[in-house]
Amino acid sequence: MTRSEELRNKLLAARDARWGLIAELDCGDGSLIVISSNMPGEDKTKADGLVSWAENELRKLTGAETVRTVQDAAGRAVFMKTSLNPSEMKKAGVAIEELHPFCRLLDIDIYSGTKAFGRAEAGMGRRKCLICGENAADCIRTEKHTHAEAVSAAEKLLSGFHNKNF
């Protein structure tokens with residue numbers, strides 16, 4: 001098995017374990033929030049501080065409570081609950097994702113039960129590419145940018161977080 005195959009298997013196992021937690025954690029009539037990073041490259045822990053920062057910002061903004069924190073091959077993931085409905089919570093999550101340029105590295109997912117609540121369900125626009133600002137899903141699907149370009153852009157954004165000294 002190559003190093004990249006090993007990493008891919010670890011990332012898939014981490015994703016499956018996280019999905020198991022989403023199915024296990026009951027958010028009642030409110031929302032389950034999962035904060036993680038979408039840091040490209042092998043070292044997914046580089047953005048762990050940013051994930052913790054976002055956890056604190058969401059707590060201040062919405063009163064959400066942390067119910068679980070996971071550290072795995074995909075980096076840090078924080079699971080939070082709130083009484084806000086998924087639409088309100090998605091808007092709050094997107095507000096954090098767009099607060100600073102480095103927040104583009106955050107992935108704040110909202111669930112009602114096991115149903116993911118995306119930007120479209122909240123009446124919001126699609127996520128922008130961290131390199132060119134176009135629709136991120138289109139850039140990924142067409143492989144518009146190289147992996148090295150994505151890693152370089154992410155590193156530059158992350159340095160903006162570290163320079164803020166949060």
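The paragraphs below look at how two helices pack in this structure and then at its two largest pockets. The model is predicted, and every value given here was computed from it.

A good place to begin is with helices H2 and H3, of which H2 covers residues 48–62 and H3 covers residues 86–97. Two packed helices are described by the angle between their axes and the distance between the axes. Here the axes of H2 and H3 come within 10 Å, and they cross at roughly 135°. Because an angle over 145 degrees would be needed for helices to count as roughly antiparallel, H2 and H3 are described as oblique to each other. The crossing in which H2 passes H3 is right-handed. On the side of H2, the residues that make the contact are Trp53, Ala54, Glu57, Leu58, Leu61 and Thr62, while H3 contributes Met89, Ala92, Gly93 and Ile96. When these contact residues are sorted by class, seven are nonpolar, two are polar and one is charged.

Helix H3 also takes part in the next feature, since it is among the elements that each supply at least two residues to the lining of the largest pocket. The volume of this pocket is about 1,500 Å³, and 46 residues line it, with Ser37, Asn38, Met39, Asp107 and Ile140 being the closest to its centre. Besides H3, the elements that each give at least two lining residues are helix H1 (3–24), strand E1 (31–37), strand E4 (106–112), helix H4 (136–142) and helix H5 (147–164). The largest share, 10 residues, comes from H1. Sorted by class, the lining of the largest pocket contains 22 nonpolar, 10 polar and 14 charged residues.

The second largest pocket has a volume of about 180 Å³. Its lining is made up of Glu97, Glu98, His100, Pro101, Arg104, Arg119, Arg127, Lys128, Cys129 and Leu130, and by class these divide into three nonpolar, one polar and six charged residues.

Note on methods. Residues are numbered from 1 along each chain as its sequence is written. This is a predicted model: local features need pLDDT of at least 70, side-chain atom pairs count only at pLDDT 80 or more; totals for chains, interfaces and linings use all residues. Side-chain values use heavy atoms; hydrogens and water are left out. Axes are lines fitted to C-alpha atoms, for helices over the stretch in contact, and angles run from 0 to 180 degrees between N-to-C directions. Helices (H or I, at least four residues) and strands (E, at least two) are DSSP runs, numbered from the N terminus. Angles under 35 degrees count as roughly parallel, over 145 as roughly antiparallel, 65 to 115 as roughly perpendicular and the rest as oblique. A crossing is left-handed if the near helix is turned anticlockwise from the far one by less than a right angle, and right-handed if clockwise. Contact means heavy atoms within 4.5 Å. Ala, Val, Leu, Ile, Met, Phe, Trp, Tyr, Cys and Pro count as nonpolar, Asp, Glu, Lys and Arg as charged, and the others, Gly among them, as polar. On a 1 Å grid over the protein atoms alone, a cavity is a set of points where a 1.4 Å probe fits but cannot get out, and a pocket is an open set with protein on both sides within 12 Å along at least five of seven lines; lining residues have an atom within 4 Å of a point. Grid points are joined across faces, edges and corners, and a volume is the space filled by probe spheres set on the points.
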